[in-house]
Amino acid sequence: MMNSLERKRLNSYQKEAVLDESPACLVNANVGSGKTTVLTEKVRYLHEERLVPYEKMMVLTFTNKAADEIAERLGIEKSMWGFGTFHSVARQLLCKYLPEKCTVEDTDRAVNQNETTDWNREFEVIEPEEELQMLLDLVDANGYKIKYKNRLQARLENDYEAYLQGKPKGKYKDDLFRVFPLLDRKKRQENKMSFADLIREGTKCAEEHRKELGLQWIIVDEVQDSDQKQLDFIEALKDAQTRFFAVGDPNQVIYSWRGTAPNMFFMIKHRFEAKELSLPVNYRSSDVILEAANRFLQFGGKIEGSGVKGDKILIKNHYDPFIEAEYLTERIRKLHEDGLPYSQIAVFYRVQKQAEILEKVFERAELPVTFSNVGKEGEVLHFMTLHASKGLEFDYVFIVGLNQGLIPLRCTGMEQEEEEMRLFFVGLTRARKNLELSYYTNPTIPGVFEAPSRYLKRLPEHLLDWEEKPGSEERKANLQSLRRQAVETIRRKSAEENMAETEPVKQKERQIETESVKQEERHTNTEERVVRRGRHPKYGEGIITSEDDMTIEVEFPGYGKKQFLKAFGEIDVS
Ligand SMILES: Nc1ncnc2c1ncn2[C@@H]1O[C@H](COP(=O)(O)OP(=O)(O)OP(=O)(O)O)[C@@H](O)[C@H]1O
C-alpha cells in the first residue's frame with residue numbers, strides 16, 4: 001500500500017499528512033518542509049491507491065506557478081478539470097454550467113425589448129484596466145461626477161463588491177454607486193467577467209451544482225493566502241461527503257494588503273473544524289540560515305533543520321545602490337566562475353524602484369538576468385522583489401537595502417510591522433546555502449534612512465560575518481578607498497555618457513567627495529578628543545577608541561576592541 005510513498009522517502013510527519021482521511025485536515029507546515037511534496041504525493045496516493053477519479057477532486061492553488069509545478073510533478077495536463085488556480089477552476093465551472101451562447105435572434109430580441117442579456121459560457125475574462133475603462137466610459141457617457149479618479153481602481157475593487165451586496169452608497173458624495181448598475185449590465189451584455197466576477201459567479205455556480213459535482217476531495221495549497229471570497233468558494237464546492245485537505249504556513253502571510261487576514265490559517269481551522277497536523281523539518285536551508293530565520297518566526301516553535309551547518313551570513317555595506325550594483329556584477333561573476341550556475345543565484349529587493357539601477361548596471365555588464373520570477377528559464381540570474389520570491393529556492397541569495405525605512409518599510413501600525421517581518425522571513429528562507437545581506441551608507445531613495453536596518457540587530461551575532469568591522473586606521477583607509485572607488489566609477493561612467501549629463505555627474509562627484517571628507521574629519525576629530533567612556537550590557541565599561549556617524553568602537557578590559565552600530569543603541573555613552 002505504501003510502496004510509492006516509501007520510494008519517495010517521506011518523513012513520518014509527511015506520511016501522516018499524505019495518509020490522513022479526516023473530514024477536514026489542515027497541515028501547519030514550516031517553511032521548506034515539503035508542502036508541495038506532501039500535496040502532490042497526496043493527490044497521487046488518492047488517485048493511484050485509493051482510486052479516487054481525478055474528476056472527483058479539486059486541487060486549488062494561488063498562483064499559476066504553483067499549479068504548473070504540481071501538474072508537472074504529477075505528470076498531468078495543466079488544463080485538467082479541477083486543477084489550477086482559484087480563478088481558473090471557477091472559470092472551468094462557469095464554462096461548464098453557464099447557459100450556452102444565445103442565438104443572434106435571441107440577442108437581438110433581448111436588446112430590442114431592452115432586456116439584459118446575461119453571461120454565457122463563452123464569456124471573456126477582462127483585466128482590471130479594461131474594467132476600469134468600461135467604468136470611465138460609462139461615467140463620461142452619462143455625465144456623472146466621480147471624485148478621486150486617481151484612486152478609482154481601488155474604489156472599484158472595494159465598493160463594487162459592497163454595491164453587489166446591497167450597499168446603497170459609498171464613502172464619498174459622488175456618482176460612483178449610480179454607475180455600478182450600468183457597469184454590471186454592460187459586462188453581462190458584452191459577456192465579459194472581471195477576476196472578482198469569476199470567483200463570485202463561480203461560487204454561485206458551485207452552490208447550485210454541488211450535488212452533481214459530488215466532490216470527494218478538495219485540496220488546497222498555501223491556504224494561508226486565502227481571502228474570505230476564496231473560502232466561500234471552497235465552502236460552496238464542499239458537500240457533506242467532501243473531504244478538505246489544505247497545507248499552509250502562517251508565517252508566510254505576506255498579502256494582507258490584498259485581503260488576507262494575518263491569522264487566516266487559524267480562522268480556516270475553526271471554520272472547517274479541521275484537524276491540525278504539522279511538518280516541522282526544513283529540508284531546504286542550512287542550520288545557520290534557519291537559526292537566523294527563527295528570529296523572525298511569529299507562529300509556532302523553532303524550525304528544525306536537516307543538519308547541514310552551512311556558512312555564516314555575510315553582511316556588507318555599500319556606499320550607494322550604484323556602487324552596490326557594480327559590486328554585485330563582480331561578485332556574481334566570481335561565484336559563477338567558481339562553479340555556481342546563474343540559475344542558483346538570486347537578488348531580492350524591497351521596492352520596485354531599486355530595480356532600475358540594478359537593471360542598468362547588469363545590462364551593461366552583459367550578465368544573463370531576468371527581472372521577474374517567471375518567464376525566462378534556464379541559465380539566468382533572478383532579480384525580484386521579496387514578495388515575488390515566495391515559493392522559490394536558490395543556493396545563493398542576496399538581499400539588498402537593509403536600511404531603516406526600506407527593510408522594513410516605514411510602518412503605520414503593528415499589523416504592518418508584523419507583515420514586514422514575515423516578508424523578510426520569506427526572503428531569508430529562500431536561501432539553501434548562502435545569504436548575503438547589505439545596507440547603503442547613502443541610500444538615495446526618498447524616505448530611506450542611512451541607518452542599517454534594525455533587523456540586522458535581531459540576527460544572532462555568531463551567525464554573522466561582517467565584511468569589515470575595521471579599527472580606526474583601517475576604517476580611514478577604507479573610507480578613502482570607498483571615496484576613490486565611487487569617484488572612479490563615476491568618472492568612468494561620465495566618460496561613457498553624453499556631454500549633456502556631465503554637469504550632474506560632476507555635482508554627484510563633488511557631493512561624494514565632500515561627504516567622505518566630512519566623514520574623515522569627524523573621524524579625526526574623535527581621535528583627538530579626551531578619553532570618553534561607554535558602557536555595554538555584557539562587556540561592562542570601556543574606552544571609546546573611535547566613532548563616526550554610524551559606528552562606535554570601544555575597548556573593554558578583558559575583551560579588547562569591539563565595534564557596534566550606533567543605530568542598535570547598545571552602548572551607553574557616559
Ligand atoms: N522527506 C524529504 N527528504 C528530503 N528532502 C525533502 C523531503 N521533503 C521535501 N524535501 C525537499 O525540501 C525542499 C522544500 O520542499 P518543498 O518545495 O516541497 O517545500 P515547501 O514547504 O513547499 O516550501 P515553501 O514553504 O518555501 O513554499 C525541496 O527541495 C524538496 O525536494
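This passage walks through the ligand site of a predicted model, then turns to two helices and a few unusual backbone spots.

The model is a prediction, so local features are taken only at pLDDT of at least 70 and side-chain atom pairs only at pLDDT 80 or more, while totals for chains, interfaces and linings use all residues. Residues are numbered from 1 along each chain as its sequence is written, and side-chain values rest on heavy atoms, with hydrogens and water left out.

The ligand is a good place to start. It is surrounded by 17 residues, the closest being Gln-14, Lys-35, Thr-36, Thr-37 and Arg-284; a residue counts as near if one of its heavy atoms lies within 4 Å of the molecule. By class, this shell splits into three nonpolar, eight polar and six charged residues. Here Ala, Val, Leu, Ile, Met, Phe, Trp, Tyr, Cys and Pro are the nonpolar ones, Asp, Glu, Lys and Arg are charged, and the others, Gly among them, are polar. Helix α3 (residues 35-48) gives the most to the shell, with three residues. Helices (H or I, at least four residues) and strands (E, at least two) are DSSP runs, numbered from the N terminus.

Several polar contacts reach oxygen atoms of the ligand. The term covers pairs of N or O atoms within 3.5 Å; within protein, one must be able to donate a hydrogen and the other to accept it, and residues adjacent in sequence count only if both atoms are side-chain atoms. On the backbone side, an N or O atom of Gly-32 sits 3.0 Å from a ligand oxygen, and a polar backbone atom of Gly-34 is 3.1 Å from one. Arg-430 uses its side chain instead, with a polar atom 2.9 Å from a ligand oxygen. Of the 640 Å² that the ligand exposes when taken alone, the protein buries 77%; accessible areas come from the Shrake-Rupley method with a 1.4 Å probe, and for residues only the protein chains shown count as cover.

The UniProt record (an unreviewed entry) marks Ala-29, Asn-30, Val-31, Gly-32, Ser-33, Gly-34, Lys-35 and Thr-36 as "binding site". UniProt positions follow the numbering used here, feature names are shortened, and annotations may be inferred rather than shown by experiment. Asn-30, one of these residues, belongs to the loop between β1 (24-29) and α3. Asn-30 counts as buried because its relative accessibility is 12%, the cut-offs being under 20% for buried, over 50% for exposed and partly exposed in between (1.4 Å probe, protein chains only).

Helix α2 (residues 12-19) has Gln-14, Ala-17 and Val-18 as its buried residues. They span an arc of only 100° around the axis, so they fall on the same side of α2; the arc is that of the directions from the helix axis to the C-beta atoms. Where α2 starts, a side-chain oxygen of Asn-11 comes within 3.0 Å of the backbone nitrogen of Tyr-13. Over in helix α11 (residues 228-237) sits Gln-230, buried at 11% relative accessible area. The Gln-230 side chain reaches the backbone nitrogen of Asp-227 at 2.9 Å.

Some loops have backbone oddities. The peptide bond from Ile-407 to Pro-408 is cis, with omega near 0°, and Pro-408 lies in the loop between β13 (394-399) and α16 (414-428). Glu-273, in the loop between α12 (264-271) and β8 (275-279), is not a glycine yet has a positive phi near 45°. Glu-273 is exposed, at 71% relative accessibility. Thr-444 also has a positive phi, about 55°.
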